[in-house]
Amino acid sequence: HDVVICIDLPLSQQLALNDYCRETGIKYVAADVRGVFAWAFVDLGDDFSTKDANGETLKEVMVGDISQAEEAVVTTVTVPGKGDKVEHQRHNLDDGDVVTFRSPSAAVGSGGMGDQLEGSYYTIKV
């Protein structure tokens, strides 16, 4: 089997089954519903990793510029503000968030870092 799905078993049996699945490389899902309450547990093994810290929908922001500094400064595109003002698009990212860049060459200009950024993961410091 590739995945074992466990429902309506005592916790001791669920733990034993999860241990077996982990030892043999089988993915494990356990879930249960008790009245209006429900829970789920997923163990996809040590080789599975996720960059999703909170389960929220991924954010997408257009980058206007990326500096060439050691700790690069990423500036978002400008959008119309109140009155005659122009402000940068808000990114709503927090320290420690992980980001990746798609097609960053245009934002970097002729500096050439764009190809190095493509598809890699970076940690944000706001």
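## Elements and confidence

Helices and strands here are DSSP runs, of at least four residues (H or I) and at least two residues (E) respectively, numbered from the N terminus. D8 lies in the loop between two such elements, β1 and α1. The model is predicted.

The protein chain holds 3 helices and 9 strands. From the N terminus on, the order is β-α-β-β-β-β-β-β-β-α-α-β. Buried residues make up 17% of the 126 residues in the chain. Take the contacts with a separation of 6 or more: 40% of them link residues 24 or more positions apart.

How confident is the predictor? The mean pLDDT of the protein chain is 76. A value of 70 or more is reached by 69% of the residues. Over residues 109-115 the pLDDT is below 50. Beyond near neighbours in sequence, residues 109-115 have 8 contacts in the model.

## The β-α-β unit

Strand β1 covers residues 3-7, and strand β2 covers residues 27-34. These two strands run parallel and are joined by 5 bridges. Within this pairing, C6 stands opposite A30 in β2. Helix α1, residues 11-24, completes a right-handed β-α-β unit with β1 and β2.

The loop from β1 to α1 holds D8. Phi of D8 is near 55°, a positive value in a residue other than glycine. Is D8 buried or exposed? Its relative accessible area is 58%, and exposed means over 50%, so D8 counts as exposed.

## The hairpin

Strand β3 covers residues 37-43. It runs antiparallel to β2, and 7 bridges join the two. V33 stands opposite A38 in β3. A30 has F41 as its bridge partner in β3. A30 thus links to both sides: C6 stands opposite A30, and F41 is the partner of A30 in β3.

β2 and β3 form a hairpin with 2 residues between them. G35 sits in the turn, with a positive phi of about 65°.

## The nonpolar core

Which residues make up the largest nonpolar core? There are 6 in all: V4, C6, C21, I26, Y28 and A30. The elements that give two or more residues to this core are β1 and β2. In soluble globular proteins, nonpolar side chains tend to be buried together.

C21 is one of the core residues. Leaving aside neighbours within four places in sequence, C21 is in contact with V4, I26 and Y28.

## Y28 and its surroundings

Y28 belongs to strand β2 and to the core. Its relative accessible area is 2%, which is under the 20% cut-off, so Y28 is buried.

What does Y28 touch, not counting residues up to four places away in sequence? The list is V4, C6, Q14, L17, N18, C21, F41, V42 and D43. Of the residues named there, V4, C6 and C21 also belong to the core. In sequence, Y28 and D2 are 26 residues apart. In space they are 8.7 Å apart, C-alpha to C-alpha.

## Two buried polar residues

Q14 is found in helix α1. With a relative accessible area of 8%, Q14 is buried. Not counting residues up to four places away in sequence, Q14 touches C6, L9, Y28, A30 and W39. C6, Y28 and A30 are members of the core. The backbone oxygen of Q14 also lies 3.2 Å from a polar atom of the Y28 side chain.

D43 has its place in strand β3. Is D43 buried or exposed? D43 is buried, because its relative accessible area of 8% falls under 20%. Beyond neighbours within four places in sequence, D43 is in contact with N18, R22, K27 and Y28. With N18 there is a polar contact of 3.4 Å between the side chains.

## In brief

Strand β2 pairs with β1 in parallel and with β3 in antiparallel fashion. Helix α1 joins β1 and β2 in the right-handed unit. Y28 in β2 touches both Q14 and D43. Q14 is buried, and D43 is buried. D8, in the loop between β1 and α1, is exposed.

Note on methods:
Residues numbered from 1 in each chain as written. Predicted model: local features only at pLDDT ≥ 70, side-chain atom pairs only at ≥ 80, totals over all residues. Heavy atoms only, no water. Pairing = 2+ DSSP bridges. Right-handed = clockwise from strand over helix to strand, strands pointing away. Core = buried A, V, L, I, M, F, W, Y, C linked by side-chain atoms within 4.5 Å. Buried < 20%, exposed > 50% of the residue type's maximum accessible area, 1.4 Å probe, protein only. Contact = heavy atoms within 4.5 Å. Polar contact = N/O pair within 3.5 Å; in protein donor to acceptor, adjacent residues only side chain to side chain. pLDDT = per-residue confidence, 0-100.
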